[in-house]
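Let's take a walk through this structure together, starting with one idea about accessibility and working outward from there. Have the model open as you read.

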Amino acid sequence: MWRDAIVWLAFGLWAPAAASATIEVLETTHDRGRYTVSFEVVLVADRDKVWQIMTDYEHLPRISKIILESRVLKQEDTHHQRVGLTLQGCILIFCKTVKRVLDIEARPQTEILMTEDPARSDFRYAVERWRMTAEGPGTRLNYSAELEPDFFIPPLIGPAVVKYFLRREIRITALAVEALANHE
């Protein structure tokens, strides 16, 4: 459904999967307006470099074309930040611009926890979790999220289209993260 595509917009920023990327898991479900998304992907890139790229919140547009703007709104310390994002994505003829404000807790080199501020975002609810583990010379990323958009979503797009869209966008973003990690 289109709603699942918006879920991708919610996290659609940081879904890496390398040139030789393996998307090992990609699941989306919907129940009463709330979506769950999970994926697991392996990058051919050093975990510490991937971590640096994914926590460089001011420069997220360089890893995904759907991220129009990314800025740190508040920094409590090096591990707790509030980040504002503007995202735009399209499926078929439907395009949507989404504003998000996220409180991010980074647990160095292993986990990023993001919680939506619904008063300042286009989501009623969102909690996302990234886990990173070194796997040989590469990095395994596990992502899970529960999201509830606060806007109308046309019911015309089915799960198969959304899954195709997610798989394509995860791979495109992964290439960007992997390239940056291997050239910085």
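A residue counts as buried when its relative accessible area is under 20%, and as exposed when that figure is over 50%. Keep in mind that the model is predicted. Now look at Leu60, in the loop that runs between helix 2 (47-54) and strand 3 (67-77). Is Leu60 buried or exposed? Its relative accessibility is 0%, so Leu60 counts as buried. From there you can hop to Arg71: the two residues are 11 apart in sequence, and their C-alpha atoms lie 8.7 Å from each other.

Let's step back to the whole chain. Of its 184 residues, 49% are buried. There are three helices and eight strands, and reading along the sequence gives the pattern α-β-β-α-β-β-β-β-β-β-α. How do contacts spread along the sequence? Among those with a separation of 6 or more, 59% are between residues 24 or more positions apart. On the outside, the chain has an accessible surface of about 8,500 Å², and carbon and sulfur atoms hold 52% of that.

Next, head for the interior. The largest nonpolar core contains 40 residues, and Val50, Ile112, Trp130 and Leu141 have the most contacts inside it. Which helix gives the most to this core? Helix 3 (residues 159-183) does, with six residues.

Val50 makes a good final stop. Leaving aside residues up to four places away in sequence, Val50 touches Leu43, Ala45, Met132, Thr139, Leu141, Val177 and Ala181. One of these partners, Leu141, also appears with Val50 among the core residues with the most contacts.

Notes
Residues numbered from 1 in each chain as written. Predicted model: local features only at pLDDT ≥ 70, side-chain atom pairs only at ≥ 80, totals over all residues. Heavy atoms only, no water. Core = buried A, V, L, I, M, F, W, Y, C linked by side-chain atoms within 4.5 Å. Buried < 20%, exposed > 50% of the residue type's maximum accessible area, 1.4 Å probe, protein only. Helix = DSSP H or I, 4+ residues; strand = E, 2+ residues; numbered from the N terminus. Contact = heavy atoms within 4.5 Å. Areas by Shrake-Rupley, 256 points an atom, 1.4 Å probe, with all protein chains shown as cover.
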